[in-house]
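Me: Please show the sequence and the model. I have some questions about the ligand site and the pockets.

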Amino acid sequence: MSADGFAHSPPPGARADWTIDQGWSGYSQAEHQVWITLYERQAALLPGRACDAFLKGLEALDLHRSGIPDFARINVELNRLTGWSVVAVPGLVPDEVFFDHLANRRFPAGQFVRKPEQLDYLQEPDIFHDVFGHVPMLTDPVFADYMAAYGRGGQRAMRRGQLANLARLYWYTVEFGLLQTPQGVRIYGAGIVSSRAESIFALDDPSPNRLAFDLERVMRTPYRIDDFQQVYFVIPSLQALLDATLQDFGPIYGRLDGASEIPIAEILPTDGVITRGTQAYALEKAKAAQ
Ligand code: PHE
Ligand code: FE
């Protein structure tokens, strides 16, 4: 997770790279219970919804056990599989800190766990979103390479003033990505798999558009942080996602400088349409807000 950090020095108690000890022995039984409740809900829902790489990763890391996972334990297997590890941070970290961790195959995860009354919604990513949502995919060698490349790409985008465009790529892949498989469309995005309601909405609801992933198109599409997405982008494979991002983004950034945003619910004649959404959910919500 990253934020437009305004505080650019680490908070008291954190190291220069913003990491802290997870303090695993300090979690209360009630906090472990929040993890178990969320885990059991998602584990029951995700077979047939999440992609194989995610489900395999969840299994490989044995994230269940008796509650909140100890990073020291999961890092042994994660490191063996793809060279990644999870590090604890106090909350959102500045972009340059986030990218440096990713480029070096460290995933910064929130140390805190949400309160029992926040099972379905919270503003800042907690350990359940960060670890349950993100870490299983990091056991996949292709996705692991993609995330590390994204970290290096982020450093470069910062220097070029292109972070807003690159952030859209992260949003529509790492957080809210869908994947086409022979069995049907599956979830790989952490923001979806860590949310019960969006795990259903993203695949089953008639409201959102589901469009074939196109790198430049994605980088022109704004996203919403306050509600379910109005559009999801579907990659043909994890390898195709990695391949699309291996190219030099320089020319793309050049074109994006003069390009307009694509309105969030728009479908272009050039889009590969998997589902033409009704947008009923978003329209209803907008009406209620008036
Ligand atoms: N290839 C991108 C660049 O030239 C870097 C990148 C890789 C960005 C993977 C995102 C994901 O900037
Ligand atoms: Fe996230």
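**Ligand 1 and the two pockets**

Me: How many residues of each class does the shell around ligand 1 have?
Reply: This is a predicted model: local features need pLDDT of at least 70 and side-chain atom pairs pLDDT 80 or more, while totals for chains, interfaces and linings use all residues. Residues are numbered from 1 along each chain as its sequence is written, chains are lettered from A and ligands numbered from 1 in the order written, and side-chain values use heavy atoms, without hydrogens and water. Nonpolar means Ala, Val, Leu, Ile, Met, Phe, Trp, Tyr, Cys and Pro, charged means Asp, Glu, Lys and Arg, and the others, Gly among them, are polar. By class, the shell (residues with a heavy atom within 4 Å) has 6 nonpolar, 3 polar and 2 charged residues.

Me: Which residue has a side-chain N or O atom 2.4 Å from an oxygen atom of ligand 1?
Reply: Polar contacts here are pairs of N or O atoms within 3.5 Å. The backbone of Thr245 puts an N or O atom 2.7 Å from a ligand nitrogen, and a backbone N or O atom of Phe249 is 2.9 Å from a ligand oxygen. The 2.4 Å pair, made with a side chain, belongs to Arg156.

Me: What percentage of the area of ligand 1 does the protein bury?
Reply: Accessible areas come from the Shrake-Rupley method with a 1.4 Å probe. Taken alone, ligand 1 exposes 330 Å². Of that area, the protein buries 91%.

Me: Which element gives the most residues to the shell around ligand 1?
Reply: Helices (H or I, at least four residues) and strands (E, at least two) are DSSP runs numbered from the N terminus. Ligand 1 sits in the second largest pocket, with more than half of its atoms within 2 Å of the grid points. Two or more shell residues come from each of α6 (141-159) and α7 (163-175). With 5 residues, the most come from α6.

Me: What is the volume of the second largest pocket?
Reply: A pocket is an open set of points on a 1 Å grid over the protein atoms alone where a 1.4 Å probe fits, with protein on both sides within 12 Å along at least five of seven lines; lining residues have an atom within 4 Å of a point. Volume is the space filled by probe spheres set on points joined across faces, edges and corners. For this pocket, that gives about 270 Å³.

Me: Which element gives the most to the lining of the largest pocket?
Reply: This pocket holds about 1300 Å³ of space. Its lining numbers 43 residues, with Trp171 and Phe176 among the closest to the centre. The most, 7 residues, come from α7.

Conventions:
A polar contact is a pair of N or O atoms within 3.5 Å; within protein, one must be able to donate a hydrogen and the other to accept it, and residues adjacent in sequence count only if both atoms are side-chain atoms.
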